[in-house]
Amino acid sequence: MKIIFFGSTSDSVLVLEKLFSLGVSCVVTQPPRPVGRKQLLTPTPVETWGKEHGISVLSFPSNPDKPWLYADENQVIDTLQPFKADLLISACYGQRIPIQAIQAARFGGLNVHPSVLPRWRGADPVPWAILSGDHQTGVTVVTLSEKFDDGRIIAQKKIPIIDKDTSDALRTKLFTLGAELLVEVLPTYLSSRAKRGDLTQEIASLKTPRNDSEPYARRLTRDDGFEPWEVIGKALEDPKEARRIDRKFRAFFPWPGLWTSIEEKRLKILACHLSPATRLLNLDTVQWEGKKPIPYSTLLTAASGRLHLD
């Protein structure tokens, strides 16, 4: 089996590790990017893993105006062609794979998506599920198609969202589950595709009808983490608002994080919790931009025991 794997994050690696023994001949990942205050050029976890295991690693520049697209799709198609892939697998990759590359693979392609499709199609399903107060989520194995998350659903598994879940922890849980589900359903999928033969004319028909009434998980931005200080102050006194802010903190942890502005100074909320007794929001640790983290009590003391909320 010749598998080409597409992925970019540490969660992608969870799936890649499960597939390795099946015959991964190449990994495709996003190019190295500047990271941290020193903006050091850093490879993705998938690139690092691939080189450690002696697997060919490919990266392609993205369209500067539409980063989810390639700058040159023909370059991608021509570069992948010599690998003569039997199957493409994608997990947390971030760029749209050309339909010609999917059709060229003997068995087409599969994507591991961390939501119960068609709910929360899109780039960032996990934080939006937490923010919206969903009580459950799950993982979907879906065929790759011309549009994101628009193929035929092959398999799904659901799990509850608990009150302590943050996006990072829940995402890791889902991709671990997704890797196991993918390996479980792969034999049946391959057998079914082998009976159908050439997929070139067939992929368009392998679609689950899209439900446009379901919410879409757009890509997060830094500004999504903002919450007016007056509203955070209300959550210290209002249980309903406290629950919403708690969900937002967990949904956007660690990025873009929950942050506010006081007298035009950016303040990050690094830790908070709901009081078991009152169900009100308690702020634990905060950080002024460019400064070290401090206990919220220290901030109150510095402000002579109170902060102005109006």
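Buried means under 20% relative accessible area, exposed over 50%, and partly exposed in between (1.4 Å probe, protein chains only). The model is predicted, so local features need pLDDT of at least 70 and side-chain atom pairs pLDDT 80 or more, while totals for chains, interfaces and linings use all residues. Residues are numbered from 1 along each chain as its sequence is written, and side-chain values use heavy atoms, without hydrogens and water.

**Exercise 1.** Classify Arg222 by accessibility, then find what the salt bridge between Arg222 and Glu289 ties together.

*Solution.*
- Arg222 has 39% relative accessibility and therefore counts as partly exposed.
- A salt bridge needs a side-chain nitrogen of Lys or Arg within 4 Å of a carboxyl oxygen of Asp or Glu.
- In the pair of Glu289 and Arg222, the closest N and O atoms are 3.8 Å apart.
- Glu289 lies in the loop between strand 14 and strand 15 (294-295), and Arg222 in the loop between strand 11 (216-217) and helix 7 (229-235), so the bridge ties together parts 67 residues apart in sequence.
- Helices (H or I, at least four residues) and strands (E, at least two) are DSSP runs, numbered from the N terminus.

**Exercise 2.** Trace the network that contains Glu227, Glu241, Arg244 and Lys248.

*Solution.*
- Glu227 and Lys248 form a salt bridge at 2.7 Å, N to O.
- Glu227 is in the loop between strand 11 and helix 7, and Lys248 is in helix 8 (residues 239-251), 21 residues apart.
- Glu227 is buried at 7%, and Lys248 is buried at 8%.
- Arg244 and Glu241 form a salt bridge at 2.6 Å.
- Arg244 and Glu241 are three residues apart in helix 8, so about one helical turn separates them.
- Salt bridges with shared partners join these four residues, Glu227, Glu241, Arg244 and Lys248, into one network.
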